[in-house]
Amino acid sequence: MSQLKTITLKRGKEESLLRFHPWVFSGAIANLPDDIEEGEVVKVVSSEGKLLGVGHYEIGSIAVRILDSAETPIDEAFFNDRLMQAWKLRQRLGLIRPDNSTFRLVHGEGDFLPGCVIDVYGKTAVLQAHSPGMHYARNMIAKAIVSLPDAGIENVYYKSETTLPFKARLDPVNDYIIGEFETNIAIENGLKFNIDWLKGQKTGFFVDQRDNRALLQKYSEGARVLNMFCYTGGFSVYAMRGGAELVHSVDSSAKAVTLTDANIELNFPGDSRHKAFAQDAFKYLAAMKKGEYDLIILDPPAFAKHRSAIRNAMIGYRRLNAAAFEKIAPGGILFTFSCSQAISKEQFRLAVFTAAAMSGRKVRILHQLTQPADHPVSIYHPEGEYLKGLVLSVE
Ligand code: SAH
């Protein structure tokens, strides 16, 4: 390990690392070796030369993502061990069952593998690198995934064309690293879904809404349901199972609407309670009649991808929720979400509060939702928490 290049921090900049925050910001660095290469494993030391950890170096505001606080070799054994820990946690969470083969195996910093995301869909894992270091480690990670004892994962699809820093010029190619296409049908809580990891958003499915979809099912009996921003129709399929009177799914993407129809057909063939519409959310909400729906889901894409967009995002959340409060039937239930990491829980609640106040209706909070336990958040890295939701009763 002595051959690792060393990054020395400025005086006093070791504090957050000693508290297990996994990022070194470029402004904290006193001395960067000249010949350092992006994606390299480096050693980080304090101004006094004390070892703080080893991690992946990259060019940008986050300069190092720490992998371990000791001088551990970042090799096959390291990835085998981290993957094993992640797998055991999912077992403890009860996510690995004959009727559930869909879950997140690695959630970056939350699983002590910053820059790495792995979602499992039955026998196939989809691996996503968010840092050059994880891109270079992809083959070791893929091997570690298929080596997990009794996991039965045989195929690893690498999907990082859009998640790696563009300037790093790594030219990643989306393709199978191990295995090949078998089936794209995965099971979540006994429901079947077509997962399109080749062309779909993220790794092909929003695994993070699993628990919230299960909760929605409980509110669905006899309800007229509107699933806005439906994507692959996750919430719609659960509403159907919950006994909804009718389910309408809306997404501006025609492809999403086709995916939703296919997933409904897969689980409820020939069931005429469901209809999907390719339309803009704001236009659909403006055109729909008052009292048409008893249960509305609003799960929009991240309105604020960066801090600079917060103001406009707040306006977006307010407008969207105001339209739902204006139209939802008396006694209705609204499931409303934000997946913008840059918007805090408090900010999101303020936007929804403002929308409720504008409608003049009595609104109560029934549940406060977040991401599920297979998307763990290191307490030292609150940036890992991104999904926020409120379930509201509207009188
Ligand atoms: N609720 C989904 C995930 C939603 S992702 C699930 O559980 O899987 C966000 C979706 O919003 C995308 O499918 C995108 O096509 C859609 N979208 C983006 N802008 C939109 C708009 N203005 N109107 C309707 N849909 C939109």
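## A tour of the ligand site and the salt bridges

Start by selecting Lys255, which is partly exposed, with a relative accessible area of 43%. Keep in mind as you click around that this is a predicted model.

Now add Asp196 to the selection. Lys255 and Asp196 form a salt bridge, and their closest N and O atoms are 3.2 Å apart. Colour by secondary structure and you'll see that this pair links distant parts of the chain: Lys255 belongs to helix H7 (residues 254-267), while Asp196 sits in the loop between strand E13 (191-194) and helix H5 (210-218), 59 residues apart. Asp196 is the buried partner, at a relative accessible area of 18%, since buried here means under 20%.

**Next stop: Arg224 and Asp294.** Arg224 is partly exposed, with a relative accessible area of 23%. Zoom in on its salt bridge with Asp294, where the closest N and O atoms are 2.7 Å apart. Here too the pair links distant parts of the chain, 70 residues apart: Arg224 is in strand E14 (residues 224-228), and Asp294 is in the loop between helix H8 (281-287) and strand E17 (295-298).

**Then Arg90 and Asp111.** Show both side chains and you'll find them meeting in a salt bridge, 2.8 Å from N to O. Arg90 is in helix H2 (residues 76-92) and Asp111 is in the loop between strand E7 (102-107) and strand E8 (116-121), so the pair ties together parts that are 21 residues apart in sequence. Are these two residues buried or exposed? Both Arg90 and Asp111 are buried.

**A three-way link.** Select Lys5, Asp35 and Glu40 together: a network of salt bridges links them. If you feel like hunting for others, the structure holds 21 salt bridges.

**Last stop: the ligand.** Which residues should you light up around the ligand? There are 16 surrounding it, and Arg213, Asp251, Asp280, Ala281 and Asp299 are the closest. Colour that shell by class and you get 7 nonpolar, 5 polar and 4 charged residues.

For the polar contacts, pick these side chains in turn:

- Asp299: a polar side-chain atom lies 2.7 Å from a nitrogen atom of the ligand.
- Asp280: a polar side-chain atom lies 2.8 Å from a ligand nitrogen atom.
- Gln201: here the partner is an oxygen atom of the ligand, 3.2 Å from a polar side-chain atom.

Finally, switch on a surface. On its own the ligand has 590 Å² of accessible area, and the protein covers 88% of that.

Notes: Residues numbered from 1 in each chain as written. Predicted model: local features only at pLDDT ≥ 70, side-chain atom pairs only at ≥ 80, totals over all residues. Heavy atoms only, no water. Near = heavy atom within 4 Å. Polar contact = N/O pair within 3.5 Å; in protein donor to acceptor, adjacent residues only side chain to side chain. Areas by Shrake-Rupley, 256 points an atom, 1.4 Å probe, with all protein chains shown as cover. Nonpolar A, V, L, I, M, F, W, Y, C, P; charged D, E, K, R; others polar. Salt bridge = Lys/Arg side-chain N within 4 Å of Asp/Glu carboxyl O. Helix = DSSP H or I, 4+ residues; strand = E, 2+ residues; numbered from the N terminus. Buried < 20%, exposed > 50% of the residue type's maximum accessible area, 1.4 Å probe, protein only.
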